[in-house]
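Student: I would like to learn how to read a structure with a ligand in it. Where do we begin?

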Amino acid sequence: MSNQELIRRRDRVMGPAYRLFYDEPVHLVRGKGVWLVDDEGRKYLDCYNNVASVGHCHPRVVEALKRQASTLNTHTRYLHENVVEYAERLTGTLPGDLSVCMPVCTGTEANELAFRIARAVTGNRGTIVTGSAYHGNSYVINELSTMEYPASERPRYLEVVEAPCIYRGRYRAGETQIGAAYAALVGEGIDRLAGRQYQPALFICDNIFSSNGVLTPPPEYLQESYRRVRAAGGLAVADEVQSGLCRLGDHMWGFMDSAVVPDIVTMGKPMGDGHPLAAVVTTPGIAEKFARKYDYFNTFGGNPVSAAVGLAVLDVIEEEQILQNVKSVGDYLGSGLRTLAQQHEVIGDVRGKGLFWGVELVRNPDTREPADTEARKAAEHLRHNGILLGVSGPGKNVIKIRPPLVFSRENADQLLEGLKLALTDHR
Ligand SMILES: Cc1ncc(COP(=O)(O)O)c(C=O)c1O
């Protein structure tokens with residue numbers, strides 16, 4: 001059967017809300033490490049899929065899944081060693097008092113639970129998020145996902161503050177105290193909420209600002225934002241769905257780069273190397289206060305198979321020294337991207353850390369007009385050249401690079417060469 005026929009069947013049975021990537025969608029049939037293979041046996045270098053964190057179909061993870069799936073799978077209302085061990089191991093990677101783990105299945109569910117906890121524990125309802133944010137797909141979390149709908153539809157409890165983009169935002173690189181200046185906007189958001197009779201329950205942000213086209217504000221941004229929201233009675237929530245689990249190269253969790261300790265951490269995507277596994281981690285005090293009002297049950301969250309998979313991922317991270325790999329290959333890739341920027345005027349900015357990079361394309365370096373068509377064409381060019389990556393950002397002009405964490409220098413060289421070709425050919 002042709003791919004055209006499969007696309008027709010898919011459209012018919014799944015409806016138009018489920019989109020595909022690329023003008024000529026890729027039909028994948030196999031994966032291993034950083035490689036994906038299509039239905040015609042063509043290999044692609046995966047520079048996009050952070051979910052396959054320790055590599056597609058890692059044998060250790062697959063074996064753990066198979067073993068537990070052929071023994072028992074139930075849920076967290078029965079005692080099981082795996083889920084307790086996983087929660088202990090996971091919380092052991094977090095600083096401060098972040099020692100209570102509530103397992104769920106997706107990043108959306110983690111953020112939804114964090115939202116409920118913050119409201120229940122603070123007694124407040126106001127919520128502060130950044131512009132062009134993405135936090136998930138449920139009704140409430142879609143309201144927090146400001147990239148998804150027009151500003152005119154924002155609920156009254158929500159205050160949206162400008163994300164700290166030091167390339168095209170109101171405070172830019174070279175100015176002093178930019179982190180604190182952007183955090184002051186959080187303070188203004190708190191004041192506007194108060195004007196509408198809302199006190200903040202939470203401030204939440206994605207610590208690599210993936211949907212904003214990858215932002216890396218100075219540490220003062222989170223430090224000062226957390227201080228302000230706490231002073232107003234709210235909780236600081238770190239959405240680590242994108243930035244967590246070694247992705248940024250210096251620490252296991254992205255917020256650690258800013259030397260802060262959030263009240264609640266939400267995590268998901270990379271934890272199960274492709275298996276749906278996510279969690280909320282918080283302090284005993286917050287967990288206890290929430291439990292006074294509510295209990296929580298999630299049918300699939302933290303089941304013995306998921307926990308076995310999560311444990312295997314943590315084992316691989318330790319044994320294969322994943323964090324060290326991310327740091328060294330990430331630095332290498334970052335410097336390659338910066339060199340490329342010097343050679344191609346269309347690259348306006350290169351931002352990122354570890355193995356998460358954004359390459360912002362502009363039509364004119366002075367006006368910084370977003371080069372959205374050029375970014376899309378580059379991604380299409382790369383796809384035909386056997387390299388998969390994404391395009392993101394409010395202007396749809398940022399090439400997003402976020403490969404499995406086992407990416408090597410050789411892989412980085414192939415990507416850099418492919419990008420060079422794509423940016424040369426598009427002119
Ligand atoms: C920052 C962030 N938070 C939360 C989510 C939602 O995760 P999920 O798709 O697993 O529900 C995403 C998904 O892309 C995300 O990027």
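**Reading the ligand site and the domains**

Tutor: Begin with one contact: a nitrogen atom of the ligand is 2.7 Å from an N or O atom in the side chain of Asp-239. A polar contact is a pair of N or O atoms within 3.5 Å; within protein, one must be able to donate a hydrogen and the other to accept it, and residues adjacent in sequence count only if both atoms are side-chain atoms. The model is predicted: local features need pLDDT of at least 70, side-chain atom pairs count only at pLDDT 80 or more, and totals for chains, interfaces and linings use all residues. Residues are numbered from 1 along each chain as its sequence is written, and side-chain values use heavy atoms, with hydrogens and water left out.

Student: Which polar side-chain atoms lie 2.5 Å and 3.0 Å from an oxygen atom of the ligand?

Tutor: The 2.5 Å distance belongs to Thr-108, and the 3.0 Å distance to Lys-269. The protein buries 84% of the 390 Å² that the ligand exposes when taken alone (Shrake-Rupley method, 1.4 Å probe).

Student: How do the residues of the shell around the ligand divide?

Tutor: A residue is near a molecule if one of its heavy atoms lies within 4 Å of it. Here the shell has 2 nonpolar, 7 polar and 3 charged residues. Ala, Val, Leu, Ile, Met, Phe, Trp, Tyr, Cys and Pro count as nonpolar, Asp, Glu, Lys and Arg as charged, and the others, Gly among them, as polar. Helix α4 (residues 107-122) gives the largest share, 3 residues. Helices (H or I, at least four residues) and strands (E, at least two) are DSSP runs, numbered from the N terminus.

Student: What does the domain assignment give?

Tutor: Domain 1 covers 3-54 + 321-425 and domain 2 covers 60-319, with bounds from an automatic or database assignment.

Student: How is the size of an interface often given?

Tutor: As the accessible area lost when the parts come together. Domain 1 and domain 2 bury about 2,800 Å² between them (1.4 Å probe, summed over both parts). In domain 1, Lys-353, Phe-356 and Arg-368 lose the most area to domain 2.

Student: Where does Arg-368 lie?

Tutor: In the loop between β12 (356-361) and α11 (372-384). Arg-368 also has a positive phi, near 60°, though it is not glycine.

Technical notes. Buried area is the accessible area (1.4 Å probe) that two parts lose on being put together, summed over both.
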